[in-house]
Amino acid sequence: MEKKILTCIGCPMGCQLTVELDGEQIASISGYTCKRGKIYGEKEVTHPTRIVTTTVRVVHGTAQMVPVKTKEDVPKDKIFDCIRELKEVEIEAPVRAGEPVLKNVAGTGVDVIAVKSVEIQQMEHGIHSSRNL
Amino acid sequence: MKQHAIVIIGGGPAGLAAAISAAEQGEKDILILERDRELGGILNQCIHNGFGLHTFQEELTGPEYAARYIEKVERMGIPYLTDTMVLDLSSEKVVTAVSPTEGIFQIQAQAVILAMGCRERPRGALNLPGYRPAGIYTAGTAQRLVNVEGRMPGREVVILGSGDIGLIMARRMTLEGAKVKVVAELMPYSGGLKRNIVQCLEDFGIPLKLSHTVVAIHGKERLTGVTLAQVDHDGRPVPRTEEEYSCDTLLLSVGLIPENELSKNAGVALSSATSGPVVDESFQTSVNGIFACGNVLHVHDLVDFVSEEAANAGRRAAEYVRETSGESSEKRMKCGESRKDLPESQAACEEWTAKMPEKEVSGILDILPGDGVRYTVPSVLHLAQMGETLKIRFRVRKEYKNSCVTVHAGDRQLFRRRKQIFVPGEMEEAVIRREDLNAALPADTITIRIEEV
C-alpha cells in the first residue's frame, strides 16, 4: 500500500496528513484536525486544486492593476493557463469588488472575480504637467 | 490646536480594528491617520488568499479582508485622513502630521493608538559583501511593484530568507513568468508558515536550501549573480560549499522590525526582544494613554491575530478616555506624565526590574519569558485590570518537538498544553484564568516556558 505524507494548506496550522492509497483508492487518512483537512487530503492525492490569485490591468482607473481571484479552486495543472488568459484581460474602471472579470477561465468552468474596487481616475487639470515643463 | 479623544496612527488592519472597537465602546471622537492614499495598509498588496480563516471562517485575499474593516469604518462614520503622514508624537500626546491638503498640523489627543506596523530588514542590515548593483529588493517592495504598480523587478530571481513574504513572492514571480532559482535560508528551519512552503515552493518545484546564505553579490550596475554557501551551526559559511547562481534580481525576506520611530519620540519604552513597545494587559505602553497593537507591537504571522489584538487595544483606549474624561481638567493635564509602574526608557527598564519586590503590594505582576521562550506580549499584568482570562502571546527560541508550554505564577501551574511541534516562525498563545491566578497569589511574576518531555 502506498503512503503519502502531506502538509495541509487549509489554514496556517499546517497539519501533517498521512494518506494511505490502495491503487487509486484512498484506504485511510490520518493526522487532520478539522473537516477541511480531511477534504484537502482526499483532494490532494486524487485531483489537487488551488485558488489562483493574480492582477489584471485597469484602464482609466485610480489604480494601474486590480487584484483578482478564481471564485473557486481550479485544477493545479491549470494554474499557468489561467494566468496566461488573464494577462490578456484589460478592464475599464470603475471596477467593483466581486464583479466577474473573466468567465470560465481556461475552460475550468470557474469565473474570475475582482477582489478590490477601483474608481475612475478624475481628469487632472494639467497643473502637474505644466509645472513639470 | 485640534483636539481628538483617540488618534490612531496607521490605517492598516491594526488601526482599522482598533478604531471599530473603540467606536463600538461608544467613543465618537476618533481620527485615523494613514500615510498611503487609501486605507488597508499592506493588505492592499497581499493579493494572495488565506486571510481571515480565524475571524470569518473563510479564505479571503488581503484586499477583501481589508475591505471588511474599511466598509465598517465607513458605515460607522469613523473619520480618517489619507495621504497624511505623522511626523512626530510627543509624550504629551501631541501628534504632528503633514498632508498635501492640510500642510503641517497638530492634534492634541487624549489617547493615542500606535498602529504603524512594521518594516522589512533591508540589505544594509545584513552586511552582504560586494557592490551595490540595482536588482536587490526587499520582498515587500517587489510585492508592491508587481501587485500594485504592475511592474516586474526582474526575470531571474534568487530569494534570500524564507519569511512568508519571500515565499509568497517566489510563487508570484513564477506566475508572472520569472524563473525563481532558489530560496536560501540561513537558519536550519524556515521562517515561514508550512502551508506557504507547500503551495509556494513545492507546487512549483522551487528548491529551499536551509542553512545557506549569500556570501557574494556579483555585478556592478545591475546584479548578475550571487554566490550561496552552506553555513555551520554558528552561521559561518563552510568553505568549498559555494555555488554560483546567475540572476538579475535578489529578493530579501529576512525579517520584519516594528516601526517605532514615533514611539521613541514619545518616550515609549521598547523591548529589545520584540523591538516593539513594552505593554501591559491593556496594551498600554510606558506612557500613560499611549496604546500599541499589531505589527508595531510585535510582528505577527496572521492578520487575524492582529485584528483581535487591536480590537482589545481599541476597547482599552476607549475605557481610558472615559476614565480620564471624568477627572478634573487639571488632573487630565497631567495624563501625559510617565507612568510610575512602567519604565520610562530602555535604560530605566533594568532599574525598574531591579525594584520588582516593591510592586507586590500594588498588584502588578511581570510576565517573564522562561526557558525556550523569546518574549511575551503583554509583559506586565495589572491584576485590577485583568478580565476573566488573559491571553499571552509568545514565540519560542528554537524548534521544539513533543513539548509542553507551561505558565506558572510562583510554584503554581496555571496552564499546560502539549504540542507536537513549536517553531519560532509561528506565534503561540497561552490563556490563563483569573480564578487560577487568584489561587496562586501572592506572586510577583508569571513565567511562561517550554518543557521538553
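**Notebook: helix 1 of chain A, then chain B**

I began with helix 1 of chain A, where I found A:Gly37, A:Tyr40, A:Gly41 and A:Glu44 to be buried, a word I use when 20 or more other C-beta atoms, placed from the backbone, lie within 10 Å of a residue's own, with exposed for 12 or fewer and partly exposed in between. These four cover an arc of only 100° around the axis, which puts them on the same side of the helix; the arc is that of the directions from the helix axis to the C-beta atoms. On the other side I noted A:Lys35 and A:Thr46 as exposed.

I should record that this is a predicted model, in which local features need pLDDT of at least 70 and side-chain atom pairs count only at pLDDT 80 or more, while totals for chains, interfaces and linings use all residues. Residues are numbered from 1 along each chain as its sequence is written, and chains are lettered from A and ligands numbered from 1 in the order in which they are written.

I then looked up what covers the buried residues of helix 1, and the cover includes strand 1 (2-7), strand 2 (16-22) and strand 3 (25-30) of chain A; helices (H or I, at least four residues) and strands (E, at least two) are DSSP runs, numbered from the N terminus.

Turning to chain B, I counted 11 helices and 27 strands. I also noted that its C-alpha atoms fill a box of roughly 70 × 60 × 40 Å, taken along the principal axes, and that buried residues make up 47% of its 453 residues.

Methods
Contact = placed C-beta atoms within 7 Å.
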